[in-house]
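Me: Could you take me through this model? I'd like to hear what stands behind each label you use.

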Amino acid sequence: MGSTPKGRAVMEVGADGVAIITLVNPPVNSLSFDVLYSLKEVYEQALRRDDVKAIVITGAKGKFSGGFDISAFGGMQAGGAASKPGFVSVEILTDTVEAARKPSVAAIDGLALGGGLEVAMACNARISSPNAQLGLPELQLGIIPGFGGTQRLPRLVGLSKALEMMLMSKPVKGVDAHSLGLVDAVVAPNQLVNTARQWALDILNCRRPWVRSLYKTDKLEPLGEAREILNFARAQTRKRAPNLTHPLVCIDVIEAGVVSGPVAGLWKEAEAFQGLLVTDTCKALVHIFFAQRGTSKAVRINLIILVPGITDLGLVPRRINKVAIIGGGLMGSGIATALILSNYPVILKEVNEKFLQAAIGRVRANLQSRVKKGAMTQEKSEKTLSLLKGVLDYKSFKDVGMVIEAVIESVSLKQQIFVDLETYCPPHCILASNTSTIDLNLIGEKTRSHDRIVGAHFFSPAHVMPLLEIVRTQRTSPQVIVDLLDVGKKIKKTPVVVGNCTGFAVNRMFFPYTQAALLLVERGADVYKIDKVITKFGMPMGPFRLVDLVGFGVAIATGGQFVQNFPERADKSMLIPIMQEDKRAGETTRKGFYLYDDKRKASPDPELKKYVEKARDISGVAIDPKLVKLSDKDIVEMIFFPVVNEACRVYAEGIAVKASDLDIAGVMGMGFPPYRGGVMFWADSLGSKYIYSRLEEWSNLYGGFFKPCEYLAERAAKGAPLSSPLERAKPRL
């Protein structure tokens, strides 16, 4: 039996002689090879037909095209026939579409991203709706535009704007695209196709110019000036993304077209695209793309099972009309900001008027920051803030659909709050905690509402960071999880559902991150070198700079949870408590592992040495000459292999359903570099045997902190990937 192609291009010829070719591949008309082959076939058919005078290309159901079908990357990386260099950019778009003897116009609505925009740029003109999104975001996937975009975009909008759109993956709206010269006219969506038809006929009848964008030169700067712009872009790129080569390849390919002509540029692009497709960076970023989609796709379009036993039950999210937040510190005010930005009415409770006004002030400041950046108007900011109501008691909690507790990490305080919530909230109300480490069963121990208790762990700053860790206990109702997934989607977060344990997934995985650094420093490694190396690896900051940022109080409280729950493998360094005794608390006191000026700029502290020596005396460890002279590679491995080890435990225990959930959680929650693919993906690139052997070696030298877990040992013995699907009766979820 023959199978129906997933996507296709269909043609309809009107009485005016204009062929309307429509790209059809729901939901965003992505350019699979089925679609591209079909486009070439119907286009050639239109060119052969005598009754066709001109051609309009558009997309089905209000979307031009979201770009190349990323799921086809696997086949291309394996060297499939369709992946030969220049197949799309030269054979289809340049030799078939752009070189045609009949004029073509793209009618763009919704999305024209990546390959979608490249198809549109090969046409002789482009008509767009005002709010259509046009862009070339391919660099987010570790590649460059591969269908001629590196050559056509600079010729349509100029070199500087083209570099910005490509290097920053920055799309533009239809109205802005018109002012840039990327599109020729902007019309309402319902007039789009008719306007494009007439435009195509006007080109045919010489009433409008017949433009082949590949050969335009009026927007290109003179060669000397162009080289200055390109060299400046290179310098900025090296500074912004020192570990990435594909942005520099993109600049080289653009330059080749400017210097040697557009056809030479096309072939250079095709060759470079093919080379980048098989790099580790591309594979890692594509993995992260699908990992992110895998955590939230079920919520968005109800197509794939996100979590067994939750999203496969056919449950419909309940409407939550109002949310209450307890605690208006940095986390509580950030969560409140995220909710009101998505039009949720919020009640914010504090313990006294002073704290309440400070909390409301933080929310106001978060909104004003958006106003300053041009992301919202002052009027919209004030209207959004009006959704927030500050209170000092529980009287207003009688009709809330969800409460999020966001107070300090104190077990007794949280337990009392949850007892109060059970009294004052309606029986259907979801009782959520933003705790970052404390076991939810402990928090809800004194209540009778275990089916309503759930973790809603945001990451700081909560209105900015994209991850939402949804923590389910053995007794949490699947309905509550489905409801919280829906809220997560509506406030534009990437939700990851995990099981309940100390630290859950992200903080549990990363608790060895700082502990490994402390262990190394007590044995002779340099604090500032560790931070420098880890930042160079791609983390937003090193472990010591991170402790200063979150504050010593939080670091000691969370560290204590891990020491208490995992005593056999937790490092018990006293360095941070010793420094805290001396009135150091991190950034807030302008003294931590670093010294901070008025602008919070960090600089090394020469006094740090005395605290390290004191901690070393208490621990009873000696300086190890090997650790004093650690290479960058060894520092990275000694900091991150314990993280990998703990991630293996989290996965083996069923705290996460998929290894890719841990990858996306590490990237979005802790800033692990996405171009390394997440903790488990990166570990698999090095191999389980290698990681096991290194951890085993260090555990013999430095103790149980480094001891490889059973799961890692088993995988290493088989030479198997750490992220392979597990066979288990029932995950902790």
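Me: Which element gives the largest share of the lining of the second largest cavity?
Reply: That's α26, with 4 residues. Helices here are DSSP runs of H or I with at least four residues, strands are E runs of at least two, and both are numbered from the N terminus. Bear in mind that this is a predicted model, where local features need pLDDT of at least 70, side-chain atom pairs need 80 or more, and totals for chains, interfaces and linings use all residues. Residues are numbered from 1 along each chain as its sequence is written, and side-chain values use heavy atoms, leaving out hydrogens and water.

Me: What makes a residue part of the lining, and which residues line the second largest cavity?
Reply: On a 1 Å grid over the protein atoms alone, a cavity is a set of points where a 1.4 Å probe fits but cannot get out, and a lining residue has an atom within 4 Å of a point. Here those are Phe 511, Pro 512, Arg 569, Pro 642, Asn 645, Glu 646, Arg 649 and Phe 705. The elements giving two or more residues to that lining are α19 and α26 (632-652).

Me: How do you know the length of α24 fits a helix?
Reply: The expected span is 1.5 Å times one less than the number of residues. For the 12 residues of α24 (608-619) that should come to 16 Å, and the end C-alpha atoms are 17 Å apart, so the two agree.

Me: Which residues of α24 are called buried?
Reply: Leu 608, Tyr 611, Val 612, Ala 615 and Arg 616. Buried means under 20% relative accessible area, exposed over 50%, and partly exposed in between, using a 1.4 Å probe and protein chains only.

Me: Why say that they line one face?
Reply: Taking directions from the helix axis to the C-beta atoms, the buried residues of α24 fall within an arc of 140°, so they line one face. On the other side, Lys 609 and Asp 617 are exposed.

Me: Why is Ser 169 called buried?
Reply: Its relative accessible area is 12%, so Ser 169 meets the buried cut-off. Ser 169 also has a positive phi of about 50°, although it isn't a glycine.

Me: And is Asn 343 buried or exposed?
Reply: Asn 343 has 53% relative accessibility, so it counts as exposed. Its phi is positive too, near 70°, and Asn 343 sits in the loop between α13 (330-341) and β11 (346-349).

Conventions: On a 1 Å grid over the protein atoms alone, a cavity is a set of points where a 1.4 Å probe fits but cannot get out, and a pocket is an open set with protein on both sides within 12 Å along at least five of seven lines; lining residues have an atom within 4 Å of a point.
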